[in-house]
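Please study the sequence and the structure shown below before attempting the exercises. Each task is followed by a worked solution.

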Amino acid sequence: MTSVTLGAAACVVLLLVGAFSGRPDVAVLGAGPLLVTVREVLRRPAGPVRASLAAGQDDAGEGSGEGAGEGGRLTGTVVLHAPPGAVAANLDVLRHDQPVADALVQVRGVRRVPVLTRTVRTGPQEVATVHVQGVGAGAASVAHPTPPVARRTVVLPTAGVLPDVPLPPRLRGLTGGHPSPRPGEGGDLRDVHPWAPGDRLRRIDWRVTARRSPDLRELWVRREHALAEAVVVLVVDSRDDVGPDPLTWRGSQPPRPQDATSLDRARQAASAVARAFLDRGDRVGLDDLGVRRRPLPPGGGRRQLDRIRHALALTHPEGEPATRLRPPRVPSGALVVLFSTFLDDEAAATAEQWRRAGHRVLAVDVLPRVRTAHLGSREQLALRIVQVRRADRLAALADHDVELVTWRDAPGVALQALARRARRRPGAGVPA
């Protein structure tokens, strides 16, 4: 309103000068704009525009429902309540303190304005921060700015589709989707055997009986392999959350919002592996190598996948973790899938201990592809040392029969190859 006040004062001066000097033309020059100014001041907004940022149509506390990744969406709705005199509002939308959009929208009473932003990140994050300022009729006056409104949400990782996954060395239970070497029902044909007490009559193979015992003195029954389920424990190493830029690894500055970090990749990879096993009727659990809290026990079904995705979304580094004296406990015979960057020795040492205990261990490397073009000579030398030590850890894991998968290089093909290599006999896991 400072410019309006100065303009009105100038008009008053012209009006007075024209009146005292007998110059009606000068007085008219000041009177016309003064009347217009008075009219616009009387029509100015009665107060600031009340604004709130609510959940959008697709935003129900988990982002868009699609999770993050390429093309991930975050939606919200800006609800505007205009006071008398306000006919429009200026919206300034920011995300991570960076401008996203600036628009002037018409407001009559109450208006809802959808907000759409995109992200490649997962977990808790900002949808948007909106600054609102009311505008009067003719854009001649504005109201006081509204305090900025913001909204945060939890973006769930996407559970991608994998063609095949490897199985643990031993299958458990009497139900599931995998044939086991134990006799039972539901699996492939095991053999044909003379009838014995306890065999069901519906298992009688009349063709074999007619061929081997035409007088029906002896009945022959078909025996099958039992179906069993796999138990899988997903272990996410949340101690590291690094991006493609090595300059951000020291923690002095965060990764760029448009760069997916290693923890984002770990969440996506763990969700995809969990879905692959749960779709096959197996049981999947989740643990975190970076914190000491009660793990999510193995379970099955669609609800278990939702629990795993939500727990993964809330996983984040929590300060300096305490050194573990022993690896997290996993069920006997379970397949352990460890998602880590392997930038230090703890994750590799834990994987080796699980392998020595008899578990099949699958190590998934989630380190993003590193950008080095902007690094100086000292930074490149330091990165080279880190990469050499990391390569030594991965080579040591391979020497201990820990299977390695790099998630950035066609992980579905690598997992399918491991599954085919292990599928040599019913119920087999690691080849003997």
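The exercises below treat one sheet, one arginine and several salt bridges.

This is a predicted model, in which local features need pLDDT of at least 70 and side-chain atom pairs count only at pLDDT 80 or more, while totals for chains, interfaces and linings use all residues. Residues are numbered from 1 along each chain as its sequence is written, and side-chain values use heavy atoms, with hydrogens and water left out.

**Exercise 1.** Determine in which order the 3 strands of the open sheet are arranged.

*Solution.* Step 1: strands are DSSP runs (E, at least two residues), as helices are (H or I, at least four), numbered from the N terminus. Two strands pair if DSSP finds at least two bridges between them.
Step 2: the order is E1-E2-E5, with antiparallel pairing.
Step 3: strand E1 (50-55) and strand E5 (110-119) each have a single partner strand, so one side of each lacks a neighbour in the sheet.
Step 4: strand E2 (residues 72-81) is joined to E5 by 10 bridges; Leu-80, for instance, has Arg-111 in E5 as its bridge partner.

**Exercise 2.** Describe the surroundings of Arg-95, which has no salt bridge.

*Solution.* Step 1: Arg-95 belongs to strand E3 (residues 86-95).
Step 2: Arg-95 is buried, where buried means under 20% relative accessible area, exposed over 50% and partly exposed in between (1.4 Å probe, protein chains only).
Step 3: a salt bridge requires a side-chain nitrogen of Lys or Arg within 4 Å of a carboxyl oxygen of Asp or Glu. For Arg-95, the nearest side chain of opposite charge, Glu-126, is 5.6 Å away.
Step 4: the side chain of Arg-95 does reach the backbone oxygen of Val-127, at 3.3 Å.

**Exercise 3.** Which parts of the chain does the salt bridge of Asp-345 and Arg-393 tie together?

*Solution.* Step 1: the side chains of Asp-345 and Arg-393 meet at 2.5 Å, N to O.
Step 2: Asp-345 lies in helix H6 and Arg-393 in helix H7 (residues 377-399), so the pair connects parts 48 residues apart in sequence.
Step 3: Asp-345 is partly exposed, at 46% relative accessibility, whereas Arg-393 is buried, at 10%.

**Exercise 4.** State whether Glu-403 and Arg-360, which form a salt bridge, are buried or exposed.

*Solution.* Step 1: the closest N and O atoms of Glu-403 and Arg-360 are 2.8 Å apart.
Step 2: Glu-403 is buried, at 8% relative accessibility.
Step 3: Arg-360 is also buried, with a relative accessible area of 1%.

Notes: Lys and Arg count as positive and Asp and Glu as negative; His and the chain ends are not counted. A polar contact is a pair of N or O atoms within 3.5 Å; within protein, one must be able to donate a hydrogen and the other to accept it, and residues adjacent in sequence count only if both atoms are side-chain atoms.
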